[in-house]
Amino acid sequence: MLSSAFYLVATSILPAAAAAGNPTVVWLQTDWAPHQILEGPHLGKGTFDLLLKRLAALLPQYQHQSRLISLGRIEPHFQRSDEIICIAGSLYTEERASTRYYSLPVAIGPGFAVNYVSTSMVADYVESDLTLDINKLVQHPELIGAYQPNRYYPEVMLQAIGQQGSNLLATEFTSELNAAALLHSRRIDYVIEYPERMQFYQRNLAYTSDIASAALLGASPYSVSYITCNKHPLSQQLITEINQVLPVLWQADDFQELLFYWLDQNARQILLPKFLQLKQQMAEKNRP
């Protein structure tokens, strides 16, 4: 994997680019598999890689370019006004809304979850609704968990990290330190991470045992993401046009599988009701 500190501006034309002279939209791309995959056998097959290709094809009145940047360089780009800058898959915050325009929902994904090998002891603590009380789990004397520090965790996770005697270890996962490999080797028993990240880690291994996930009890089991664009003079019109074509994406027969491709069965089951709700809401946007 490319390092998160790596910085590169690499501009390339996306499929369905418009004729020269039409406004150009610069789509920011980051190394955050499996949302966007920049190398390896799954190159270009990340969830938002595929979403963006479909979206660009529905907006032929624009030229579409991609620009590879590091995660830490996203915010400065949204301060610019000399180019139309957009990103697919952004979560909503009031702070971000002050510097950019938001579209209708473009995708739904799971929140942070407890990921574990399905045959491990951790499975015994998963509730029937596929949630797990992390504050109880971290006190188990025989189970060791891992999490990546410096992430925006929900409050219930921060409480678990701060508990005295917690068996949660701060660990920086990389391509060399594969979180799924740690689970399979039983060096740790569970990992707090987005389920799609863990499935991506697992699919890069030769192991066959399954990693499952359980939503954090007391936190949202899903997150809704949007397309955001900077406050360029043409961006508001662009967002209006994006909102007109997003319902088309949502009604595609394979859209659910596109969004769920990198998820384990538990995560799929948790997300399905919200997905169907959003799909219905987007269908209503298409009605005259």
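Thr-47 lies in helix α1, where helices (H or I, at least four residues) and strands (E, at least two) are DSSP runs numbered from the N terminus. The model is a predicted one, in which local features need pLDDT of at least 70 and side-chain atom pairs count only at pLDDT 80 or more, while totals for chains, interfaces and linings use all residues. Residues are numbered from 1 along each chain as its sequence is written, and side-chain values use heavy atoms, with hydrogens and water left out.

With a relative accessible area of 9%, Thr-47 counts as buried (under 20% relative accessible area; exposed is over 50%, partly exposed in between; 1.4 Å probe, protein chains only). Beyond its neighbours within four places in sequence, Thr-47 is in contact (heavy atoms within 4.5 Å) with Pro-34, His-35, Leu-258, Leu-259 and Trp-262. Leu-259, with the same kind of neighbours set aside, in turn touches Thr-47, Leu-51, Ala-107, Ile-108, Trp-250 and Phe-275.

Leu-259 is also among the residues with the most contacts inside the largest nonpolar core, which has 37 residues; such a core is a set of buried Ala, Val, Leu, Ile, Met, Phe, Trp, Tyr and Cys residues joined through side-chain atoms within 4.5 Å. Elements that each supply at least two residues of this core include α1 (47-57), β5 (100-110) and α9 (255-260). Helix α8 gives the most, with seven residues. A second, separate core of 24 residues includes Tyr-116 and Tyr-190.

Turning to the strands, six of the six residues of β11 (residues 211-216) are buried. Strand β6 (residues 113-117) pairs with β11 in the antiparallel sense over five bridges (pairing requires at least two DSSP bridges), and Val-114 stands opposite Ala-214. Strand β7 (residues 131-132) runs parallel to β11, joined by two bridges.
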